[in-house]
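The following exercises concern the cavity, the pockets, the helix contacts and the backbone of one protein model. Each task is followed by a solution in steps.

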Amino acid sequence: MALTLSILDQSTIASGRNAAEAVQETLELARLADRLGFARYWLAEHHNSASHAGAAPEVLIAAIAATTRRIRVGSAGIMLPHYASLKVAEQFRMLEAIAPGRIDLGVGRAPGSDGRTAFALNPAAAQSADRFPQQVQEVLGWLGEGLPVDHPFRAIRAQPEVPTTPQVWVLGSSDYGAQLAAYLGLPYCFAYFITEGAGAAEAIAQYRHGFRADAGRLPAPHAAIGIFALCAETEAEARRLFRSRELWRLSRDRGIFPPLPSVEEAEAYHYSDAELARLERIRQRAIIGTPEQVRTRLEALAAELGVEEVAVLTPLHDPEARRRSFRLLAEAFGLPGEAVP
């Protein structure tokens, strides 16, 4: 079976540009992805971040769904502990009304922010995180499956009631989400780019082993990974473009989330010996290079992990270089899209 290729976008803010420009770059890339033939376009959720502008994926999903024709559009993900289950179900029913049969609702329980910001979003967030499995089931109920007969809100109907429903995914970076997705019989996506792959094989194996087809939602498990990858015409150019991400990752390791630096800023940075050693480890694991190199590594990793789909994350300082990376990737995988200059 051919590997399904999708895109994950964090609406990354680049050094020297602002959040509004990051959102416009997301909208432009999504329209390109639709024409190129990618399967899905997923939007991440982050709050109080100088790195990422995507604080409200449900709003971006609406904008993208209304201006694309065939690509599925969704969240990776909606962090349920911040919100009421009914409101999330209503938002995604509305999105289904905008783009019937093209909406994905990926849900997670991570805060997507620091603890203070999570508290500001929902003062009961800590307790809500403990209710994550119940919240997922409530969302499924309000999306059309119905709530249990003894649920106190069973009589409430999520509006608008439309004939199609979003595809619900569970997202995670540990075995917790994998076990929940398996129990509920839902598709599962592991955030490989967050953990650098640590725990991916174990989580996906648990998902496959524990998957309950009798839950009646999927006939068989469907696993995906969200992963960083970067294509350029030459390996040398890909490695040059990757320098922005390298420097940003060093900041992330220190708990700092700045705008994505330019290649020139990264080249001018004075790295310590410890940082150089860390960069070498990052480079060894990074999936970057020519389109053929990237395709070979993505397919090999997908086969090793047993996943049917990869959602590619490619934050680059140069928006045209990012669009070119996805054009090259689409060509390498032979996606059935339109010819795009």
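**Exercise 1: The cavity**

By class, the lining of the largest cavity has three nonpolar, one polar and three charged residues. Here Ala, Val, Leu, Ile, Met, Phe, Trp, Tyr, Cys and Pro count as nonpolar, Asp, Glu, Lys and Arg as charged, and the others, Gly among them, as polar. The model is predicted: local features need pLDDT of at least 70, side-chain atom pairs count only at pLDDT 80 or more, and totals for chains, interfaces and linings use all residues. Residues are numbered from 1 along each chain as its sequence is written, and side-chain values use heavy atoms, without hydrogens and water.

Task: State which residues line the largest cavity.

Solution.
Step 1. On a 1 Å grid over the protein atoms alone, a cavity is a set of points where a 1.4 Å probe fits but cannot get out; a pocket is an open set with protein on both sides within 12 Å along at least five of seven lines, and lining residues have an atom within 4 Å of a point.
Step 2. The structure holds one cavity of 30 Å³ or more. The volume of the largest cavity is about 50 Å³, where a volume is the space filled by probe spheres set on the points, and grid points are joined across faces, edges and corners.
Step 3. Its lining consists of T12, A14, R17, E25, P315, L316 and R322.

**Exercise 2: The pockets**

Task: Describe the volume and lining of the largest pocket, then those of the second largest.

Solution.
Step 1. The largest pocket contains about 830 Å³ of space. It is lined by 36 residues, and E45, H46, A110, G112 and I194 are the closest to its centre.
Step 2. This lining divides into 16 nonpolar, 15 polar and five charged residues.
Step 3. The second largest pocket has a volume of about 320 Å³. Among its 16 lining residues, Y192, E196, R285, A286 and I287 are the closest to its centre.
Step 4. Helix α10 gives the largest share of this second lining, four residues; helices (H or I, at least four residues) and strands (E, at least two) are DSSP runs, numbered from the N terminus.

**Exercise 3: Two helix contacts**

Task: Classify the packing of α1 with α2 and of α13 with α14.

Solution.
Step 1. Helices α1 (residues 19-36) and α2 (residues 57-66) pack at about 40°, with axes 10 Å apart. Axes are lines fitted to C-alpha atoms, for helices over the stretch in contact, and angles run from 0 to 180 degrees between N-to-C directions.
Step 2. Therefore α1 and α2 are oblique to each other: angles under 35 degrees count as roughly parallel, over 145 as roughly antiparallel, 65 to 115 as roughly perpendicular and the rest as oblique.
Step 3. Their contact (heavy atoms within 4.5 Å) involves V23, T26, L27 and A30 of α1 with L60, A63 and I64 of α2.
Step 4. For α13 and α14 (residues 319-333), the angle is about 65° and the axes are 9 Å apart, so the two helices are roughly perpendicular.
Step 5. On α13, P291, V294, R295, L298 and E299 meet L328, L329, A332 and F333 of α14.

**Exercise 4: The backbone**

Task: Which residues does a cis peptide bond join in the pair that includes G77?

Solution.
Step 1. Most peptide bonds are trans.
Step 2. A cis bond joins A76 and G77, with omega about 0°. G77 lies in strand β3.
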